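Hi,

Here is the structure I promised to pass along. Have a look at it first, and my notes follow underneath.

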Amino acid sequence: MLGTGILKGMVETAKNFAGSYHDPERLTTVEYPEQRIAPKENARQFPMLIHDTEDPMKGLRCVACQICEKECPPQCIYIVKSKDKRADYKGQMQFYPATFDIDISVCMSCQICVEVCPFESIKMDTEFELSNTDRFGGLLIHKEQLAKSNEHYRKIHPADAAASDAVLAAEVAKAQAKAKADAEAKAAKAAAEAKAKADAAVAGTVPAPATSTAPQPTSPPAAPAA
Amino acid sequence: MTLSFAILAGLTVGSAVAAMSLRNLVHCALGLVLTFAGLAGLYLQLNAEFVGFTQILVYVGAVAILIVFAILLTRGTEPANEPAAVSPWAGLPVAVLAFLAMAAAVLASPVGKRLAAPVPEVSVKTLGQKLMTDYVLPLEVLALLLTAAMLGAVIIAMKDKEDLQ
Amino acid sequence: MTPLSGYLLVSALLFCIGLAGALTRRNAIMVLIGIELMLNAANLNFIAFWRFSEHPETQTGLMFALFSIAIAAAEAAVGLALIITIYRHFRTANVDKVEAMKG
Amino acid sequence: MAMETLEQIKARVEAAVPGAQLTLVKNDSPSAQHSLLVSVEHAFAVAKFLRDDPQLRLDYCSNVTGVDFLDAELSEKVKVKKVVDGVEKEVEEVKKTKRAGYLEVVYHLYSMALKHGPVILRQRISGRSDPVTVTSLTPLWRSAEFQEREVFDLYGILFDGHPDLRRLLMWDGFKDYPMRKDYVEPDDYEYEPTAHDEVLEKAKAHMPKHEVKA
Amino acid sequence: MAEVFQAIDQFPVTLKTWLLGHAAGVMPEWALPLLSAALSITPILAVFPLLFALTTVIERKGLGRIQNRRGPNRVGIPLTNIRLAGFGQFIADGIKSLTKEDIVPRSADKVVHFLAPIALLIPVLLTYSVLPFGRNMVPLDLPQTGLLFFFALGASTELSVFMAGWSSRNKYSLLGAMRAIAQMVSYEIPLILSALTVVMIAGTLSLSGIVESQAEVRFGFLHSWHLFTPWGLVGFFLFLTAAAAEANRTPFDLPEAESEIIAGYFTEYSGFKFAIFFLAEYLGLFAMCGLGITLFLGGWLPPFKFLGFIPSWCWFLGKLVALILLFIWLRGTLPRLRTDQLMGFAWKFLLPMTLINLFVAGLWHLSVTSVPMTVRWIGGFALLAIPYWLLGRGFEAKVGKREYRFAN
Amino acid sequence: MTLQDLTQAMGKPTFQRKAEVIGIGREGELLEVAMGPQHPSTHGVFRMDVVLDGETIVKLKPVFGYLHRNHEKIAENTSYLASMPYTDRLDYFCSLTNNWAYALSVEKLAGLQVPERAEYIRLITAELTRLLNHTCLAGFLLQDMGALGTPLMYAFREREKILDLIESLTGARMMCNYMRFGGCRCDLPPGWVDAAKKVVAEYSKFLDEFETLLSGNEILMARTQGVGKLSAELAVSAGVTGPMLRASGVDYDLRKVDAYGIYARYPFRIPLGTHGDVYDRYMVRMLEMRESLKILEPALKDIPEGPVVDPKAKLRGFRPKPGEAYGRIEGPKGELGFYLISDGSPNPYRYRVRPPSLINLTVLEDMCLGQTVADAIVSLGSVDIVLGEVDR
């Protein structure tokens, strides 16, 4: 019968009209600035740099290895390596980024920098309200703005943060074990040397003095167990 | 002569002049529409409401639209290379002479001085009854004419389409 | 109150404007518009004579006007169809050219 | 349905198309998609055979693309596709065998009727700077129409017999062929200013004065 | 009690006579008709544009709800947090369109381009002068030619649409104007023919006369609306269809089909001129709805006699709002027809149906006294249903649901 | 003679098209309209140079490239991995299938294996992508037909549910960047399978609603039946793929033909049209969605535990051996292929996308000739183009 399809459609729209008042399945939108949908745990918006200490600039995990800069598909990361070195969380002396800029007008939130980073340093933030009236400077995010604490990371991505902390803890443990082993080896070596020296003294020869080159950790590792 | 008549007559004649003298054909057609509207106003003034509204319905609603369509279909809106009129003065003397003759006749005639009778009792009902009784033959003939015209117009247009294919 | 002669003069003027246009303009559509004007002038005459007649209740003038309008509509339809056909055939709506081509 | 091997196809094509000489191009990658190299003169006849042959019925030309191989020096162990960038003088003095650059048009043919494939057909034209013309296969497969236009647009390869060879993606007034390996991107478009120093410097030249930030 | 209701009912009329009576002493005699006209025009100019403004919001909210959105819900009173559920939106829209730059294309025909919206709005507003909004409330009662006046003015809007489309010198505008003219000319015929059934039964062209012809009470409570007859029911839907097409409403909104020709004839209009087009379009729709109400839905009459205490103009406005909501609902549901289908629908479906309906109405009128009610009803419906079914079959022969095969 | 001169010298057609024959001798009467690049229903910055006789189309030339960013050149200058997020932006409705096609091609090129669980995830995400693409297409098609957003909004309402799933899995709603060579980037989050099961179970309800609203609608049928007809022969010759091909009655679905991934494990049917018109294209997609649900339901039950990425696959410093590979999958819009040539360096030597949208557009003119503007819009809508993919 001509017209029945149209009538059926009208009944359907009427159902939806009524449903939008009582059925949350139908009215799926929220009124944005007042109501917000909680971000998904996996959500990613723009990168951030994780730091472990109170002073964000001192505790950045980033060692300016520039892998992310190279791998970034749209080339939106810009890093200048520092001239000097400082100790990282493991206690090794490392470079740190003198400049670390991300142009979020170019960034496409692909997360490749996160994946290629070997230092668990760059992670994805869920902040998305980054609009700015200054389209050149305002969208260029410097390391001061990029630096976020590990607590923040744990809050937004608990599972990932736990995994990342575990990796770091393992590395720290490994580094400590290595340091311990080194120290032991050194001690043993020193003992041996002392012994040798004694022997030499006994023998009457003077060996070259052993110099310590192993760096000492200046800051304690800041990777607590998850 | 009343003011309303003067306004309507001026509008009608002025727009008729515009309709015949403007270069752009669509402007001419729009001028023609104004003429039709002015004439409808004159009919209303003459207590011929029915004819007045019919005038608008038929002329403005149909004839003017047809003319406009024809103008568009014949690309009349594009500036033509040839002058709009071959010689603007060729037909004018004839028209002026005709007008002078008619005006003289009208002004000379005693009928022209006649004033209107009291408003006649005309109703659409009587009009319809007359159409169905006294004027039934002309009505039928007219119906036939309209049908023939419609069919003719359709056939002319259709044949043309076939030629092109 | 306007006397009959006022309407008749307007009608005559309209008729002559239409005549002048039909004679001078070369576009077929303009010729048609001129003819429409002339027809309308006649209509105005019908109505005016009816209104100023001795027995307006007979409605003869109205009848004439109505028939005239109907005929004018038919004329316009056929005329414009012809013009469009001519245009499609000759690629012009100029009456002189159409005549010159004899085709 | 299993398809014939490329060797069989080659033999049958050479038998069916007089004068056609096909070369089998080996592909060492795990995909093992070998291809047939056909000369420009015989490409149309060979393609027509491939399309119409009842055993093959390659009625579906899935992909058409160009490939640009620059002039290259071939070292001993690598076969064909090893490429070294640049044609610098010093390099030429090093005694290595030189291979002239060439352009290729690759067609991936499948059969929708028999549901097999692919048969990969290559047209190769040596010489990259002269007008390079290959045979258009658009009359055989309509799907090649836009893709050949694209190859023409991006590689500058002309297709003989293409019904409507115009630029596809670049605008009509564009002068170069951007997919060629030696294409140098012009410095005349508006940069989205990123903060890298050199890019910012480049961008500044194109930015209106008042917008430049210190 | 009855007097109170009657006083409310007739309040606009008494107010006007009271004002005129007072003015008679103060103003010169020639000015009194002008004042009377002004007093009639003012409520029309106040009520219907306001209704238009509210309709724009209601339409957007209603469509939003149909589409599972919220629709406009922000704009309220400026500088406060009062949102009025978004009903301040039309003020914001109005201010926006008033302050927007008026852009006229360089190659446009400036004069015609300027005149077109005005030439559209004036006839549309004039049509309101013959609509009876309530008991004794007709601004201009034309006892002989009321309906003809309405249609004559309705027909002249086509030209304004053409003016707009042609003068813009935009191909989309021109296409839209051509579509609009073709559509309006075609749908005028079924529109007039379906209205003619009522004229035939009521025996008058006067719109207030038509309303009065429906005042007769049946079964002691039911007013004899023309809707409550077979030809009236069918005629009303035919009228509504044709009216939707005349007013360019979905599914007949081809002249401004945004997915095909941008915005049709008003593509090149912006700012206030655009707002006038918008206004004229909606006012045209309201006028069409008002005419439909007058012709078929008993005008300002209530459906049941015992509801007569509600003021007559409330009934009129209520029915008008109901029809507007129906059109909004249709707009939220239906896709758009194609040009040739639109024409085919007018000539191959609506025109035959209206002619048959006219025939049925004639039979109905002739058999008022001779044939029993039930037979007339069944016969009338049968006469209308069979051609409808046949026409539907003709349609279904061409298009219909299909069966699909599957490959494994 | 420069190349440029030659370009101008060439390009003369060797055969006359139907469109040109119709237009001959009627230049004065015809109306040339450039529909687009700014037009409400060209699905992005796409242009159709249309010549009209009244409203009948006598010539139609699609023009695109407004969104051209030379994706292929970019990919040839970056590593294999860095191209993955760019593939998201080809057909931004179906980034997961784009990812899969690219990953599949690279896996072919490098000979990588994909773990079982990753195959399941790929299949599930691809079918979800198909659902959302077809849903949106139906909405857009109706929008083009003038249904003022209602079907579109219903489609978006459902799409939102799938996008929520995809977001909770990949972290992004549209630009997923999820698949990796030899698997997927990350495992399913806890509770994801149950959420997906719920969405899939409720989807058929939505499809029922949608069909009540539309499929029987007389206006829709009148607008789409017999419009934009495409014969099976032309469709095959023009390399049309996907639902558009199947609507013309050709049984060719890469999920069956290539049986890539684990499609061979699940029985599903391929709906085929007979008329090849817009209505068939619409209905084939609607039916295909129901078939997708039939794949999804068991796949979500069967999904095994295990790793999601091949441990042999390297993320950094990925260098496939020299060689070439052409990999293709059945994307929602048709055959999406990637042709890769490796020269042993970290960047692909040649990277070519075979975009289904572009090649399906080849026949647009053939479909639209002799029909009206409104039909052309609907036909274009039924082709299902995304300009990100057409222009690349």
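F:Gly111 comes right after helix H5 of chain F, and its phi is positive, near 70°. Bear in mind as you look at this spot that the model is predicted.

The helix before that glycine, H5(F), covers residues 95-110, which makes 16 residues. From first C-alpha to last, H5(F) reaches 22 Å, close to the 22 Å expected at 1.5 Å a residue. Is H5(F) mostly covered or mostly open? Mostly covered: 14 of its 16 residues are buried.

I also went through chain E as a whole. You'll find 14 helices and 3 strands in chain E. Its C-alpha trace spans about 85 × 65 × 45 Å along the principal axes. The radius of gyration of chain E is 23 Å, which agrees with the value near 22 Å that a compact globule of 408 residues would have.

How much of chain E counts as buried? The figure is 55% of the 408 residues. As for contacts in chain E, take those between residues at least 6 apart in sequence: 74% of them join residues at least 24 apart.

On the outside, chain E exposes about 17200 Å², and carbon and sulfur atoms supply 73% of that area. Chain E also carries 31 positive and 23 negative side chains. The centres of those two sets of charges lie 9 Å apart.

That's what I have on chains E and F. Over to you!

Cheers

Note on methods: Residues are numbered from 1 along each chain as its sequence is written. Chains are lettered from A and ligands numbered from 1 in the order in which they are written. This is a predicted model: local features need pLDDT of at least 70, side-chain atom pairs count only at pLDDT 80 or more; totals for chains, interfaces and linings use all residues. Side-chain values use heavy atoms; hydrogens and water are left out. Helices (H or I, at least four residues) and strands (E, at least two) are DSSP runs, numbered from the N terminus. The radius of gyration is taken over C-alpha atoms; the globule rule is 2.2 Å times the number of residues to the power 0.38. Buried means under 20% relative accessible area, exposed over 50%, partly exposed in between (1.4 Å probe, protein chains only). Contact means heavy atoms within 4.5 Å. Accessible areas come from the Shrake-Rupley method with a 1.4 Å probe; for residues, only the protein chains shown count as cover. Lys and Arg count as positive and Asp and Glu as negative; His and the chain ends are not counted. The place of a charge is taken as NZ of Lys, CZ of Arg, CG of Asp or CD of Glu. The expected span of a helix is 1.5 Å times one less than its number of residues.
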